[in-house]
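This report describes the strand arrangement, the nonpolar core and the main pocket of one model. The sequence and structure are shown first.

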Amino acid sequence: MKKMILLAMAILSASVLAASGDISISGSATGVGTTATKDIGLTGKAVKAVSLSSDIDSVDFGTVMIGKTASTSLDLILGGEKDFKVQLSAADIPNVVITGLENSVTIADSAATQNVPMTLAYTPTEAGKELNATLTVTAAYTD
C-alpha cells in the first residue's frame with residue numbers, strides 16, 4: 001500500500017511539477033532457479049524386541065558354612081530376532097559367582113528363542129551375614 005501511494009505521488013508530481021528522482025521497487029524473485037532439493041536415502045530393519053525370562057524366579061541357597069559353596073543352575077530363556085547376537089550381563093553380588101554370561105549369544109532357534117544355561121555359586125566369607133540380594137540380568141542386542 002505504501003509503495004502504491006509513493007508511486008502515485010511520484011507520477012502525479014512528475015506531471016504537475018518538474019521533479020526528478022529514483023523510484024525503487026523491491027520484492028522476491030519467483031520461478032526457475034529459486035528452489036533446490038536434495039534426496040537423502042534412508043534404510044533400516046525392524047526387529048523384534050529382545051526378551052528375557054528364566055525357568056525359576058528365586059534361589060534359596062539355604063545355610064552355607066563359611067568357605068563352602070552352594071550352587072544352583074538355571075536356564076535363561078532369551079527371545080528376539082533370529083541370528084542376532086545378544087550380550088547378557090549382571091551386576092556383581094558379593095560372595096556370589098555367576099557363570100554363563102561371559103559370551104554373547106546368537107539367537108539360532110527357528111522360533112527365535114535361545115536357552116542360556118547359567119550357574120550361581122554362593123560362598124559366604126563372614127559368619128552371621130545373610131545373603132539378601134536381587135540378581136538383575138540385562139540382555140541387549142550387539143548387532
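Two strands count as paired if DSSP finds at least two bridges between them. The model is a predicted one. In it, strand 1 and strand 2 run antiparallel and are joined by four bridges. Within this pair, Leu52 stands opposite Leu78 of strand 2.

Strand 1 and strand 2 belong to an open sheet of four strands with the order 1-2-6-4 and antiparallel pairing. Strand 1 (51-54) and strand 4 each have a single partner strand and stand at the edges, so one side of each has no neighbour in the sheet. From one strand to the next, the twist averages 25°.

A further open sheet consists of three strands in the order 5-3-7, again with antiparallel pairing. Its edge strands are strand 5 (105-106) and strand 7, each of which pairs on one side only. Two bridges connect strand 3 with strand 5 in the antiparallel sense. Val86 has Val105, in strand 5, as its bridge partner.

The largest nonpolar core has 20 residues, and Leu76, Leu78, Leu88, Leu101 and Met118 have the most contacts inside it. The strands listed in the table each supply at least two residues of this core.

| Strand | Residue range |
|---|---|
| Strand 2 | 70-79 |
| Strand 3 | 85-90 |
| Strand 4 | 96-99 |
| Strand 6 | 113-122 |
| Strand 7 | 137-141 |

Leaving aside residues up to four places away in sequence, Leu78 touches Val50, Ser51, Leu52, Val86, Leu88, Val105, Ile107, Ala112, Thr113, Gln114, Val116 and Ala139. Two of these contacts, Val86 and Val105, are the bridge partners noted above.

Ser51 lies in strand 1. Is Ser51 buried, exposed or partly exposed? Its relative accessibility is 40%, so Ser51 counts as partly exposed; the partly exposed class falls between under 20% for buried and over 50% for exposed. Ser51 touches Ile77, Leu78 and Gly79, again without residues up to four places away in sequence. Ser51 and Thr138 are 87 residues apart in sequence, with a C-alpha to C-alpha separation of 9.5 Å.

The largest pocket holds about 560 Å³ of space. It is lined by 24 residues, of which Ser58, Val59, Leu120, Ala133 and Leu135 are the closest to its centre. Strand 1, strand 2 and strand 6 are the elements that give two or more residues to this lining. These three strands are also members of the sheet with the order 1-2-6-4.

Terms used. Residues numbered from 1 in each chain as written. Predicted model: local features only at pLDDT ≥ 70, side-chain atom pairs only at ≥ 80, totals over all residues. Heavy atoms only, no water. Core = buried A, V, L, I, M, F, W, Y, C linked by side-chain atoms within 4.5 Å. Buried < 20%, exposed > 50% of the residue type's maximum accessible area, 1.4 Å probe, protein only. Contact = heavy atoms within 4.5 Å. Axes fitted to C-alpha atoms, helices over the stretch in contact; angles between N-to-C directions. 1 Å grid on protein atoms, 1.4 Å probe; cavity = no way out; pocket = protein on both sides within 12 Å on 5 of 7 lines; lining within 4 Å. Points joined across faces, edges and corners; volume = space filled by probe spheres on them.
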